[in-house]
Amino acid sequence: MAVTPQHPLPASSPVGRVVAHVGSGGTDLELYREKFRRRLPDSLDELRGPAEGVVEPPATVVWSGLRVFDLANERQRMSLYRTVLAEGMREDLSALLNRDILLRSWPTLRTLVSTTVRGVWEDRFSQLRALADVPPAQPPARRPRTHQGPAAA
């Protein structure tokens, strides 16, 4: 309905200001956190994914961009783990994540995931919470490009 003299804005809703509903934001955040809590394994020991090789997650986890990840490549491994933590269901977490890699990578990985994902994992697993103060690793150096396009000529 348009704002007209016959239908003015409510006094509690001035133009250009968003009026928050008390309590709704907290409830939404709690529902969002619960979505990730339900996916968590009961133990990190359930994370029995590969520790080496090439991984091609199902399209329900990775539906665009890079679809195959080489675990020997740190950037690809971190990208895979970040995506699986955010998008994977419980079965995906167990099949694609490896406990030892997750623990070794957590100081860096925790900076790449959302605060919600980080919070639910650290709340559930004291091993991860204990790594929260360990500084993240420096990002690996990018390999120099070997292809020189027309601009280089």
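This report walks through the salt bridges, the enclosed space and one exposed residue of a predicted model.

**Salt bridges**

Let us begin with charge pairing. Side chains of opposite charge can pair when their charged atoms come close. In this model the count comes to 7 salt bridges. Three of them are set out below, each with the distance between its N and O atoms.

| Salt bridge | N to O distance |
|---|---|
| E30 and R37 | 2.8 Å |
| E34 and R37 | 3.0 Å |
| D45 and R99 | 3.0 Å |

R37 appears in two rows of the table, once with E30 and once with E34. E30, E34 and R37 are in fact linked in a network of salt bridges. Within that network, E34 and R37 both belong to helix α1, which spans residues 24-37. These two residues are 3 positions apart, about one turn of the helix.

How exposed are the members of this network? E30 has a relative accessible area of 39%, so it counts as partly exposed. E34 is also partly exposed, at 33% relative accessibility. R37 has 22% relative accessibility and is classed as partly exposed because a residue must fall under 20% to be buried.

The bridge between D45 and R99, at 3.0 Å from N to O, tells another story. This pair links distant parts of the chain, with the two positions 54 residues apart in numbering. D45 sits in the loop between α1 and β1 (54-55), whereas R99 is in helix α4, residues 99-109. D45 is partly exposed, with a relative accessible area of 46%. For R99 the relative accessibility is 27%, which again means partly exposed.

**The cavity**

Now for the space inside. Rolling a probe the size of a water molecule over the atoms shows where empty space is left. Here the search gives 1 cavity of 30 Å³ or more. The largest cavity has a volume of about 40 Å³.

Which residues line the largest cavity? They are F36, R39, L40, L85, G88, L93 and W121. Sorted by class, this lining holds 5 nonpolar residues, 1 polar and 1 charged. The charged member is R39, because Arg counts as charged, and the polar one is G88, because Gly is placed among the polar residues.

**An exposed residue**

Finally, have a look at Q138, found in the segment after α6 (126-129). Q138 has a relative accessible area of 67%, so it is exposed. Its C-alpha atom is separated by 8.4 Å from that of T108, and the two residues are 30 positions apart along the chain.

Terms used: Residues are numbered from 1 along each chain as its sequence is written. This is a predicted model: local features need pLDDT of at least 70, side-chain atom pairs count only at pLDDT 80 or more; totals for chains, interfaces and linings use all residues. Side-chain values use heavy atoms; hydrogens and water are left out. Helices (H or I, at least four residues) and strands (E, at least two) are DSSP runs, numbered from the N terminus. Buried means under 20% relative accessible area, exposed over 50%, partly exposed in between (1.4 Å probe, protein chains only). On a 1 Å grid over the protein atoms alone, a cavity is a set of points where a 1.4 Å probe fits but cannot get out, and a pocket is an open set with protein on both sides within 12 Å along at least five of seven lines; lining residues have an atom within 4 Å of a point. Grid points are joined across faces, edges and corners, and a volume is the space filled by probe spheres set on the points. A salt bridge is a side-chain nitrogen of Lys or Arg within 4 Å of a carboxyl oxygen of Asp or Glu.
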